[in-house]
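Me: I would like to go through this structure with you and ask, for each term, what value stands behind it. Please set the number against the cut-off before you conclude.

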Amino acid sequence: NIHFNTIDGKDGYVRKLVLGAEMNYTSRNVIVPDPTLNENEVDISYQTMLELYKYRIIYYLMQTEDVTLTEAYNIWSQGFRFDEKIYQIMEYIVNNEKCYLVINRNPTINFYSLLLMKIRNIIRDPEVYVLSVPLSILPGLNADQQRSGAIAI
């Protein structure tokens, strides 16, 4: 017998422990329109960049601070409070590497629900949890400043 109450709704096992679990390279954000962005650009929050580019940040911490992987991970894990050193590494990554993310607006039912976007800037304030997007993509996402997912690639 299958007990449907264990898989039903937001409190079910599947939703809570599988679909709602933390995953590397993903982040949920409130989207906000920004008319200064080009059609293929986004600005992401400090916290989002911290998660999406976790291993690149740790790599650069190892290089710039001359520390072990464990030490770099510990520095990174304290970065949620805002760390100027980490922010400078983030800016370096955005300015010197090809930094993209995928926006996935659930349900993924049409072509515009999944978009590849270039990261233009990191929002410095660690208390801001938004993804700034160009106005032109909002209709395709059927967006009214709802939550969307971002995935680093």
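Me: Glu-91 is found in helix α5; why is Glu-91 called partly exposed?

Reply: The model is a predicted one, and in it Glu-91 has a relative accessible area of 31%. Buried means under 20% and exposed means over 50%, with partly exposed in between, so a residue at 31% is partly exposed. Glu-91 also lies 7.2 Å from Ile-122, C-alpha to C-alpha, although the two are 31 residues apart in sequence.

Me: Ile-122 brings us to the strands; what makes Ile-44 a partner of two strands?

Reply: In β4, the bridge partner of Ile-44 is Ile-122, and in β5 the bridge partner of Ile-44 is Leu-131.

Me: How do you know that β2 pairs with β4 and with β5?

Reply: Pairing asks for at least two bridges between the strands. Five bridges join β2 to β4 (residues 114–123), and these strands run parallel; two bridges join β2 to β5 (residues 130–133), which run antiparallel. Both counts reach the cut-off of at least two, so β2 pairs with each of these strands.

Me: Why is β2 described as largely enclosed by the rest of the structure?

Reply: Five of the five residues of β2 are buried, so the description follows from that count.

Me: Asp-34 is found in the loop between β1 (26–33) and β2 (41–45); why is Asp-34 called buried?

Reply: The relative accessible area of Asp-34 is 14%, and because buried means under 20%, Asp-34 is counted as buried. Leaving aside residues up to four places away in sequence, Asp-34 touches Asp-43, Arg-120, Ser-132, Val-133, Pro-134 and Leu-135.

Me: What makes the phi values of Asp-66 and Phe-82 worth pointing out?

Reply: Most residues other than glycine have a negative phi. Asp-66, in the loop between α3 (54–65) and α4 (69–77), has a positive phi near 55°, and Phe-82, in the loop between α4 and α5 (84–96), has a positive phi of about 90°.

Me: Are Asp-66 and Phe-82 buried or exposed, and how do you know?

Reply: Asp-66 has 71% relative accessibility, which is over 50%, so Asp-66 counts as exposed. Phe-82 has 25%, a value between 20% and 50%, and therefore counts as partly exposed.

Me: Which residues of the largest nonpolar core touch the most other members?

Reply: Val-42, Met-49, Ile-57, Met-90, Ile-103 and Ile-119 do, in a core of 33 residues. Helix α5 gives the most to this core, with six residues. In soluble globular proteins, nonpolar side chains tend to be buried together. Across the 153 residues of the protein, buried residues make up 40%.

Me: How do you know which elements deserve caution, and what is the confidence of the protein overall?

Reply: The protein averages a pLDDT of 81, and 71% of the residues score at least 70. Among the elements, α5 has the highest mean pLDDT, 97, whereas strand β6 (residues 147–152) has the lowest, 49. Where pLDDT is low, the predicted coordinates should not be read in detail.

Key
Residues are numbered from 1 along each chain as its sequence is written. This is a predicted model: local features need pLDDT of at least 70, side-chain atom pairs count only at pLDDT 80 or more; totals for chains, interfaces and linings use all residues. Side-chain values use heavy atoms; hydrogens and water are left out. Helices (H or I, at least four residues) and strands (E, at least two) are DSSP runs, numbered from the N terminus. Buried means under 20% relative accessible area, exposed over 50%, partly exposed in between (1.4 Å probe, protein chains only). pLDDT is the predictor's confidence in each residue, from 0 to 100. Contact means heavy atoms within 4.5 Å. A nonpolar core is a set of buried Ala, Val, Leu, Ile, Met, Phe, Trp, Tyr and Cys residues joined through side-chain atoms within 4.5 Å.
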